[in-house]
Amino acid sequence: MSPRSPLELAAILAAEYGDVLEPVNYIRGVSMSGRLRLQQLAPDRQDPAPAMVELVEPLLEPGSLAEIAQADGSVHAGFVWADELSDATGERRYIDAQLQIAARYLDTGPDGLPAPIDPDDRVEEIFFASAVLGRAYRATSDPSYIDVLTSLLEGWSAQPDSGLWWHCKASPFYWGRGNAFAALGFAEALTYLPEAHGSRPALLTKHRAHLEALVRHQDPSGAWHQLIDRPDSYRELTATAMIGYVLARGLKRGWLGDEFHDPLTNAWSAVDERVDDSGMVRDACAGTGPMPTLADYLRRPTADGHDDRAGSMALWFAV
């Protein structure tokens, strides 16, 4: 298969992913966002917004939205399309729905954590919280959202001996997609955090240090492994697409230097190789909660063929 341009691959993925929103979660949300972003880059394509308006209408019912707000971060991050759909349609109500969800993060428990946050420090929460709170801040300029987000990010850290992130305290293993969630979360936060914010330099330093650690473990093929520090584990698509997205975002926004350009190019090659011309994927780690042993991560199966998780993240990377 000859190399394709990012827009070519994005069009393939957008035809296969992003038209289903059941169940509501970040996987579906990212692919919907990717389709809306692709429309901005290629406006001659058929506009996906009208069909999305119909698709999401049941979610905006007060009862449904209240139930979603009480769910966890994986569901909340399923609304990453809301600001983009408001931009596409001129209708504020999608952003308003996103803000109703974000309000849950202003409610902190006795441990000081926002109500939706898992106290076991699951690394996925870095992305979920950043995706929700960053967009809420952009929509309102209310510093409450960014204050909660920066407090969370300042309190979470990679392991000092490796520079990599455990999946969570109960699963102290360097899962590939887990590290990608951490990198993606910091990239999301930096996208919305004001340049002059006092926390930005420290968070950017933490983010760059993590990316430097990741690049040291990048496979010569351009991929990252199912376990970041285990080259005997398989080369995994979703982690590679997510980290690739982070590198592309950081280079485009100017907070990463040229030393990350080659790792980005190599990551793109590894993703392009793992998606065929019909949008089917290979080498994507199946859905994975915290696992009790290292062996469990090593033998975690791949999802090959149609896979919404890998397809959505590859679409975000492509656009």
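A residue counts as buried when its relative accessible area is under 20%. The exercises below apply this to a predicted model.

**Exercise 1.** Determine what share of the 319 residues in the protein chain is buried, and describe the surface that the chain exposes.

*Solution.* Applying the cut-off of 20%, one finds that buried residues make up 57% of the 319 residues in the protein chain. The next step turns to the surface, where the chain exposes about 12700 Å², with carbon and sulfur atoms supplying 51% of that area.

**Exercise 2.** Describe the secondary structure of the protein chain, and decide how its radius of gyration compares with the globule rule.

*Solution.* The protein chain holds 15 helices and four strands. Its radius of gyration is 18 Å, close to the 20 Å that the globule rule gives for 319 residues, so the chain is as compact as a globular protein of that length. Along the principal axes, the C-alpha atoms fill a box of roughly 50 × 50 × 35 Å. As a last step, consider the contacts with a separation of 6 or more, of which 68% are made by residues 24 or more positions apart.

**Exercise 3.** Place Thr 238 in its helix, decide whether Thr 238 is buried or exposed, and identify its surroundings.

*Solution.* Thr 238 belongs to helix H12, which covers residues 237-253. Because its relative accessibility is 0%, Thr 238 counts as buried. Leaving aside residues up to four places away in sequence, Thr 238 touches Arg 177, Ala 284, Arg 309 and Ala 310. With Arg 177, the side chain of Thr 238 also forms a side-chain to side-chain polar contact of 3.0 Å.

Conventions:
Residues are numbered from 1 along each chain as its sequence is written. This is a predicted model: local features need pLDDT of at least 70, side-chain atom pairs count only at pLDDT 80 or more; totals for chains, interfaces and linings use all residues. Side-chain values use heavy atoms; hydrogens and water are left out. Helices (H or I, at least four residues) and strands (E, at least two) are DSSP runs, numbered from the N terminus. The radius of gyration is taken over C-alpha atoms; the globule rule is 2.2 Å times the number of residues to the power 0.38. Buried means under 20% relative accessible area, exposed over 50%, partly exposed in between (1.4 Å probe, protein chains only). Contact means heavy atoms within 4.5 Å. Accessible areas come from the Shrake-Rupley method with a 1.4 Å probe; for residues, only the protein chains shown count as cover. A polar contact is a pair of N or O atoms within 3.5 Å; within protein, one must be able to donate a hydrogen and the other to accept it, and residues adjacent in sequence count only if both atoms are side-chain atoms.
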